[in-house]
Amino acid sequence: MVTKARSKPAPRRRDREKTEKAILDAVGRLILRDGLSGVGINALAREAGVDKVLIYRYFGDLDGVYSAYAEHGDFWWTVEDMLDGIDEIGSLADALKTGMRRHAAEMQKRPVTLAVIAAEPSNRTPLVVALEEVRERRSLELMAEIARRVAVPKGADAAVLTGLLAAAIDYLIARAQKIRVYGGVGIRTEDDWTRIFETIDAMIDGALAPRTRGRKKS
């Protein structure tokens with residue numbers, strides 16, 4: 001008995017994944033070349049080389065593209081990457097020092113993220129909002145995991161400390177794309193950042209140091 005070989009189904013799923021990736025990759029290129037306001041359905045379709053019908057089919061609308069890019073694109077570090085090896089760190093101060101260095105390294109290799117950080121104060125687009133939501137959620141998840149793994153000194157406000165330091169790092173790295181010096185301090189070379197992190201380390205140690213109450217005057 002001769003049986004006919006079954007014909008293989010068309011790899012539709014693979015084609016869809018390839019198209020979705022092309023669309024999300026195009027978002028980053030548009031941001032770098034044309035700015036946040038340059039990301040629109042027509043521009044996105046042209047940049048990705050796809051019919052705009054597919055953008056609506058796969059993502060629903062432009063907001064759906066923004067959400068997918070924020071969640072699945074290479075915009076922000078993952079909590080897993082930031083926590084790698086942190087169980088070997090014994091104190092909150094050491095965890096934060098390591099975390100700030102990893103954060104800086106992750107920012108320095110993400111030009112799209114730096115472009116968004118530089119533009120977001122004056123350009124509050126739906127894309128910026130979607131990216132902010134992912135950034136805030138992952139930051140909160142990271143702090144919760146760190147607090148679960150290492151002891152937090154009494155009275156320490158680790159959230160404020162990390163927020164201030166991370167914001168300063170973000171700003172300086174974003175500015176370093178255009179300038180070499182900020183306030184008389186170099187912000188571009190490896191030596192510059194070695195100097196910056198020496199002061200960041202001292203700030204972390206000072207903020208987390210045990211607080212002593214002064215004696216009341218009689």
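**A buried arginine and the helices around it**

Arg110 counts as buried because its relative accessibility is 6%, where buried means under 20% relative accessible area, with a 1.4 Å probe and protein chains only. The model is predicted, so local features need pLDDT of at least 70 and side-chain atom pairs count only at pLDDT 80 or more, while totals for chains, interfaces and linings use all residues. Residues are numbered from 1 along each chain as its sequence is written, and side-chain values use heavy atoms, with hydrogens and water left out.

Arg110 is located in the loop between H6 and H7; helices are DSSP runs (H or I, at least four residues), numbered from the N terminus. Its side chain forms a polar contact with the side chain of Glu106 at 2.4 Å. A polar contact is a pair of N or O atoms within 3.5 Å; within protein, one must be able to donate a hydrogen and the other to accept it, and residues adjacent in sequence count only if both atoms are side-chain atoms. Leaving out residues up to four places away in sequence, Arg110 touches Asp74, Phe75, Trp76 and Trp77, contact being heavy atoms within 4.5 Å.

On one side of this loop is helix H7 (residues 111-119), in which Val112, Thr113, Leu114, Val116 and Ile117 are buried. The cover over these residues includes helix H1 (12-34), helix H4 (62-72), H6, H8 and helix H9 (158-175).

On the other side is helix H6 (residues 92-108), whose axis comes within 10 Å of that of helix H10 (residues 190-208), crossing at roughly 145 degrees. Axes here are lines fitted to C-alpha atoms, for helices over the stretch in contact, and angles run from 0 to 180 degrees between N-to-C directions. Residues of H6 including Leu92, Leu96 and Met100 meet residues of H10, among them Trp193, Phe197 and Ile204. The residues of this contact comprise 10 nonpolar, one polar and four charged.

Ile204 also appears in the largest nonpolar core, which has 68 residues; Leu44, Ile55, Val65, Leu127, Ile146 and Ile204 touch the most other members. Such a core is a set of buried Ala, Val, Leu, Ile, Met, Phe, Trp, Tyr and Cys residues joined through side-chain atoms within 4.5 Å. Helix H8 (residues 126-149) supplies the largest share of this core, eight residues. Beyond its neighbours within four places in sequence, Ile146 contacts Leu83, Ile86, Leu92 and Ala95.

Leu44 is one of the buried residues of helix H2 (residues 41-48), together with Ile41, Ala43, Ala45 and Ala48. These residues pack against H1, helix H3 (52-59) and H4.

Note on methods:
Helix = DSSP H or I, 4+ residues; strand = E, 2+ residues; numbered from the N terminus. Nonpolar A, V, L, I, M, F, W, Y, C, P; charged D, E, K, R; others polar. Buried < 20%, exposed > 50% of the residue type's maximum accessible area, 1.4 Å probe, protein only.
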